[in-house]
Amino acid sequence: GLFVTDYFTRTPRKLSPFRSFASIELFHFHIPEDTVIAVWNLITFKEQGGTFGDQCPDRSITVYFRSGAPSVINPLHTHFPRDTAVPGSFALTLTWTLPNRTTGVFNVTSPLPGDWFLAAHLPKDEGKISVKGLYEECQYLFQPQLIVQRLVNIAVLYPGHVTEQSMAPHNRSCLYKVFVPSYTSRVLVEVLQCRGAEGCPLWLRVRAKAPPLHNSTVLDCREHTPCQLTQDLPFWQHWYYVLVEKHPGVPGTVSFQVTVQLTDCSRPSLARPPFLPSSASMNMPHSFGSAGGLGLGDSPPPTSPNSTKHPVPVPVAPLAGERCWPVRPTLRNELDTFSVHFYIFFGPNVSVPPDRPAVFVINLLPVLDSGGVLNLELRLNVSSLCGENVTVFGCLNHEVPLTSGDNASVTCETESLAGFLLSVNATASLSRLRIPYPQTGSWYLSLRSLCATEHGFEPCTNVTAEVYLRAYLSPCINDCGIYGQCKLLRTNNYLYAACECKAGWNGWGCTDSAEAFSYGFQLLSTLLLCLSNVMFVPPVAIAVRSHYLMEAAVYIFTMFFSTFYHACDQPGIVVFCIMDYDVLQFCDFLGSLMSVWVTVIAMARLQPVVKQASVLYLLGAMLLAMALQMDRHGLWNLLGPSLFALGIMAVAWTARTIRRRHCYPPTWKRWVFYLCPGALIAAAAVLLYAFVETEENYFYIHSIWHLLIAGSVGFLLPPRAKTSRRLGPLPRRKGCGYQLCVNEQEELGLVDPAVASINSICTS
């Protein structure tokens with residue numbers, strides 16, 4: 001055949017350590033039909049500060065693959081919520097082969113067509129809280145690339161017609177495909193009139209949706225006469241691929257014929273007509289009330305066109321239970337993103353007769369519905385059982401209903417089909433099923449009522465069970481509970497939802513309490529973070545006593561909003577918010593930085609030099625508000641105004657030192673008992689905040705940060721000279737019409753002006 005190669009790539013993205021599914025990076029690909037091989041090239045490289053991260057540590061990268069929907073992963077081995085079905089996926093771990101780059105390759109032979117999803121993440125870290133911009137962070141970037149090779153012009157088999165084929169010596173196989181419409185109960189493939197070699201040295205393989213593999217359903221035509229391969233309960237609305245493969249070492253040309261027969265389950269005694277109108281693949285029974293609705297076999301076949309293919313009558317014996325029952329549709333009601341209710345006509349109460357199953361279909365839209373959770377709930381009306389020991393079984397299957405003819409069967413699986421089983425009875429009248437990230441397409445629910453006897457389950461007689469059926473699509477499982485937040489995430493044009501847990505809770509629905517914080521611990525952590533702000537009371541008292549009223553107002557502002565911000569910022573249930581969270585956070589950050597600003601400006605003692613020193617306070621407030629609005633967690637946006645204030649203080653102190661011809665402040669007591677301890681306490685607080693704080697110790701380390709910062713303010717706040725009655729007239733020298741009075745006590749920077757005598761020097 002003729003091969004065509006397609007190439008797809010995605011933009012590199014930064015990977016994050018795994019905490020929940022909300023922290024993974026998701027990539028969406030689409031594999032076309034008739035693809036024989038798909039190769040993913042997985043490129044990973046390190047970056048640090050805009051350059052190659054050769055010094056970054058090697059951290060393993062885990063990549064998950066799944067067809068049809070995102071992978072449901074559980075790398076931390078947490079517990080899933082009850083009644084949750086976990087679909088499987090394939091995982092691959094990448095290791096580093098070069099200092100700053102590694103590449104992995106993942107091959108899939110004959111992949112399923114449609115949507116494929118890749119999820120990637122780093123291992124879980126220790127949860128260190130780093131200050132943004134403090135140092136160059138190591139970044140791990142991941143870029144997947146997809147190369148597919150697909151066949152074009154694959155021969156199409158028409159049901160009921162023969163296709164003749166000659167396989168040349170250099171050819172080993174021939175590939176065909178046939179489309180299976182809805183309401184097909186059996187696919188029969190047969191090889192006829194095999195010539196050119198002794199016996200029939202051919203293998204016959206059949207597979208749904210994609211070309212067959214080595215482990216697909218196979219039949220050796222040399223050992224079976226006639227060479228017929230049957231597929232019961234095939235997938236509806238899909239292509240089936242037929243591969244005829246020659247045994248190795250067979251010389252010469254092998255000729256044969258291939259034919260396919262499809263059995264219409266609405267008329268099991270008849271095969272499908274050779275040709276169907278294009279709209280027939282969307283067939284549905286015309287009546288919901290009777291089991292034998294009008295099927296496709298009721299329409300006469302059109303005239304066969306002139307071709308080399310001719311209809312061949314192949315008798316198909318009906319099997320027990322091969323007749324398909326009416327499929328009741330559901331009404332789709334979209335309320336919001338991933339919030340869809342599926343209503344049943346004449347429901348939600350459903351009657352399950354004893355002689356036949358009740359079948360319903362739930363249609364999930366491609367791509368749009370695979371990012372949520374499919375929820376199914378069955379509730380049995382016990383009063384409808386009339387005292388009988390009745391059990392209602394429900395089978396949920398993808399793309400084809402499972403209506404086995406064995407009424408005593410209580411499984412939802414066959415050799416090629418697997419589904420989900422639900423059951424309700426008088427003892428357990430409620431059953432739930434949750435499927436996170438379901439595959440899109442048609443989901444069929446088949447309900448059967450069976451009576452329990454000494455010999456197992458048997459068909460009931462004259463008992464019609466009534467079941468309440470509820471089916472809906474939700475973003476997360478139970479909205480992630482009280483210890484989680486359901487987040488709507490987006491990757492390019494694909495939306496999906498995931499839970500982000502808090503307070504030590506884990507799991508897909510935040511229901512795993514193995515590492516959860518107790519109520520007492522949550523209360524203690526809240527009280528620590530809130531009551532540690534009471535340490536600002538002494539700085540407020542010192543500021544009021546020294547007549548620093550503006551500074552005292554800023555400290556009160558900081559104490560108030562820091563207390564209520566941390567009361568609102570708690571991850572558990574001990575939470576109290578008096579305002580919007582964003583407002584409280586902004587005011588807390590602004591108050592903290594304003595406390596540093598006004599304290600440093602007060603230490604600069606600018607009042608004798610700058611008549612309107614309040615201009616600097618207002619300027620600082622505006623600059624800090626702007627910096628917080630730009631980046632609330634950025635290091636330099638917050639550190640810049642603080643360094644600017646320290647620069648002003650340094651200039652003021654240097655000017656005084658030059659003018660006074662000795663160090664300022666001049667007294668050693670001020671340095672030893674106030675400035676040095678205050679600076680050391682502030683430095684210790686900054687070091688704890690920047691290098692020690694993690695998610696586990698946040699509650700007490702951040703409380704210590706509050707205590708240290710408030711304590712350093714009490715030490716660093718300068719004293720203010722008090723005015724007193726003068727004992728005699730001051731000497732006055734008239735100059736140019738003004739007099740500048742310099743308080744010597746203020747120049748010396750003493751703590752208590754009453755200790756020393758007042759000595760004012762007036763210079764003109």
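This is a short chat about the cavities and nonpolar cores of a predicted model.

Me: Before we start, what kind of model is this, and how are residues numbered?
Reply: It is a predicted model, where local features need pLDDT of at least 70, side-chain atom pairs count only at pLDDT 80 or more, and totals for chains, interfaces and linings use all residues. Residues are numbered from 1 along each chain as its sequence is written, and side-chain values use heavy atoms, with hydrogens and water left out.

Me: How many cavities of 30 Å³ or more are there?
Reply: Six. A cavity here is a set of points on a 1 Å grid over the protein atoms alone where a 1.4 Å probe fits but cannot get out. Points are joined across faces, edges and corners, and the volume is the space filled by probe spheres set on them.

Me: Which residues lie nearest the centre of the largest one?
Reply: R605, W653, P665, R670 and P718, out of 11 lining residues (those with an atom within 4 Å of a point). The cavity holds about 80 Å³.

Me: OK, new topic. Which residues have the most contacts inside the largest nonpolar core?
Reply: Y555, M594, W597, V598 and I601, in a core of 43 residues. Such a core is a set of buried Ala, Val, Leu, Ile, Met, Phe, Trp, Tyr and Cys residues joined through side-chain atoms within 4.5 Å; buried means under 20% relative accessible area with a 1.4 Å probe, protein chains only.

Me: What does I601 touch, leaving aside neighbours within four places in sequence?
Reply: I601 is in contact (heavy atoms within 4.5 Å) with L616, Y617, A645 and I648.

Me: And what lies apart from that core?
Reply: Another core, of 41 residues, including C174 and W236.

How values were computed: 1 Å grid on protein atoms, 1.4 Å probe; cavity = no way out; pocket = protein on both sides within 12 Å on 5 of 7 lines; lining within 4 Å. Buried < 20%, exposed > 50% of the residue type's maximum accessible area, 1.4 Å probe, protein only.
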